[in-house]
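Work through these exercises with the model open beside you. Try each task before you read its solution.

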Amino acid sequence: MEIVEKITNGDRRAAAKLITLVENNFNQAQEILKKLYNYTGKALVIGLTGPPGSGKSTVTDKITKILRGQGKTVGIIAIDPASPFTGGALLGDRIRMQDLSLDKGVFIRSMSTRGHLGGLSQATQATVKILDALGKDIIIIETVGVGQSEVDIVKVADTVVLISMPGMGDDVQIIKAGIMEIGDIFVINKADKEGCERLATEIEMMLDLNQNSRWRPPVLKTIATDNVGIKKLLEEIDRHIKFLKESGELEQRRRDSAKKEIFDLIREQWKEILSTFIDNGFLDKIVTKIVKREEDPYTAVEKLSSILVHSYTQGGIKNDRKD
Amino acid sequence: MEGKKIRVLIAKPGLDGHDRGAKVVARALRDAGMEVIYTGLRQTPEQIVETAIQEDVDVIGLSILSGAHTHLFPKIMELLKENNIEDIVVIGGGVIPEEDIPELRKVGIAGIFTPGTDTHDIIKFIREKVK
């Protein structure tokens, strides 16, 4: 049976193998992803993000159990950082999801960022499609523990849940740009810890300053380990999805996300084309000139771009697009 | 995003709560550039095999100190076979008496590493087995 057929028939092993191929050899995987694309677009994608230790894995575990109780199937992509020195990674999100490992309605994939910044891995977007085609109703992406500017999750998720916890800094942290702007739902986990009320007030005040939004993000309190507030969180996710659909925002988000994906893929493809120039020693020659001050980097890049565009239009790089 | 990375599942079957050794090995493999999936304590053979499938690992490293290896290791190998997975390298570590090793090899455990093993030996072993 062909791999696409296997995956759409729910073959977990085939899906797992394709995810590996996406991570290791994207060009090869692409040929399969092309055929798989028609079977995607049905799943809803929830992104969980927040600082390390805020409880993303535990929240993932708890909401998955409720979703399963509602008869929905769930795919989970759990991302942990790679070592900048060795490229290795310790992927430990499954520790909090042990009970889910034998549930055939749940598929969990742990993933290393492989050096990619932004909170996700390069392979995340393709993996969402694979789990979608595998038939999962809901896909949960758990980002790496983030700091202030890892906001890639907005490219992929329909609903972004930002999980924070008390005791992480003063109120100026909350009005800074970046991560605090991307939450559709705010969760203060470990709500039994001191400082929860203050944090909630500060987030509410920050949200009150955003006047232009049609969706006012709710601020929820949870104690994920004790299952406190999780049901409410799912209700709010449902309410947000409903808002997205009724307001036309879902389509807009998916358009934005497709646009961003195209740019990402183009960037990757050109990076690869460029790297063949490096292999040919072509780039080395230019670098030598720049270092010797015989040429400036700006002119060099202009020239290089025109060479690339030229070879592209001359068919040096395959171009069979007609539209 | 290119390039093959060796993926290893470090799992602790059985009921003992000693995961120091498993964590040391997990850390050493991470430092050797591998992607290590660590699942925590008290995993059943079924959980281990299902996790190995979803994570598409090249290697399963089993750590056990409870003495139940002669029961649990063969059970895991059996489940792998049932699922038509013959290409995953399975290794074991922990308190495993010398006289049990031949039997474990017979069921398909590729390598047994007892206390005192240099982690470099484990890394070397995995790199040679996973091509």
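**Exercise 1. The shared sheet**

What is the order of the six strands in the open sheet, and is the pairing parallel or antiparallel?

*Solution.* Remember that this is a predicted model.
- Step 1: Read across the sheet. The order is β3(A)-β2(B)-β1(B)-β3(B)-β4(B)-β5(B), and the pairing is parallel.
- Step 2: Find the edges. β3 of chain A and β5 of chain B each pair on one side only.
- Step 3: Check the twist. From one strand to the next, it averages 20 degrees.
- Step 4: Look where the chains meet. β3(A), residues 89-91, is joined to β2(B) by three bridges. Here L91(A) stands opposite I37(B).
- Step 5: Move to β3(B) and β4(B). Six bridges join these parallel strands. I64(B) faces G94(B) across this pair.

**Exercise 2. The contact between the chains**

How many residues does each chain give to the contact?

*Solution.*
- Step 1: Count by chain. Chain A gives 31 residues and chain B gives 25.
- Step 2: Name the elements on the chain B side. α1, β2 and α2 of chain B each give two or more residues.
- Step 3: Pick the main contributor. α2(B) has the largest share of that side, with seven residues.
- Step 4: Sort the chain B side by class. Nine residues are nonpolar, seven are polar and nine are charged.
- Step 5: Place α2(B) on the sheet. The helix lies across β1, β2 and β3 of chain B, at about 160 degrees to β1(B).

**Exercise 3. A strand covered on both faces**

Which residues of β7(A) are buried on one side, and which on the other?

*Solution.*
- Step 1: Recall the rule. Side chains in a regular strand alternate between the two faces of the sheet.
- Step 2: Apply it to residues 185-188. I185(A) and V187(A) are on one side, F186(A) and I188(A) are on the other, and all are buried.
- Step 3: Find one partner strand. β6(A) pairs with β7(A) in parallel over four bridges. S164(A) stands opposite I188(A).
- Step 4: Find another. β8(A) is joined to β7(A) by three bridges, also in parallel. V219(A) is the bridge partner of F186(A).

**Exercise 4. The nonpolar cores**

Which residues touch the most other members of the largest nonpolar core?

*Solution.*
- Step 1: Name them. They are A15(A), L18(A) and I130(A), in a core of 68 residues.
- Step 2: Find the main source. Helix α2 of chain A, residues 12-24, gives the largest share, seven residues.
- Step 3: Trace contacts of A15(A) beyond four places in sequence. They include I7(A), F107(A) and I130(A).
- Step 4: Look for a second core. A separate one of 43 residues includes L90(A), I10(B), I76(B) and I109(B).

Technical notes. Residues are numbered from 1 along each chain as its sequence is written. Chains are lettered from A and ligands numbered from 1 in the order in which they are written. This is a predicted model: local features need pLDDT of at least 70, side-chain atom pairs count only at pLDDT 80 or more; totals for chains, interfaces and linings use all residues. Two residues are in contact if their C-beta atoms, placed from the backbone, lie within 7 Å. Ala, Val, Leu, Ile, Met, Phe, Trp, Tyr, Cys and Pro count as nonpolar, Asp, Glu, Lys and Arg as charged, and the others, Gly among them, as polar. Two strands pair if DSSP finds at least two bridges between them. A residue is buried if 20 or more other C-beta atoms lie within 10 Å of its own, exposed if 12 or fewer, and partly exposed in between; C-beta atoms are placed from the backbone. A nonpolar core is a set of buried Ala, Val, Leu, Ile, Met, Phe, Trp, Tyr and Cys residues joined through C-beta atoms within 7 Å. Axes are lines fitted to C-alpha atoms, for helices over the stretch in contact, and angles run from 0 to 180 degrees between N-to-C directions.
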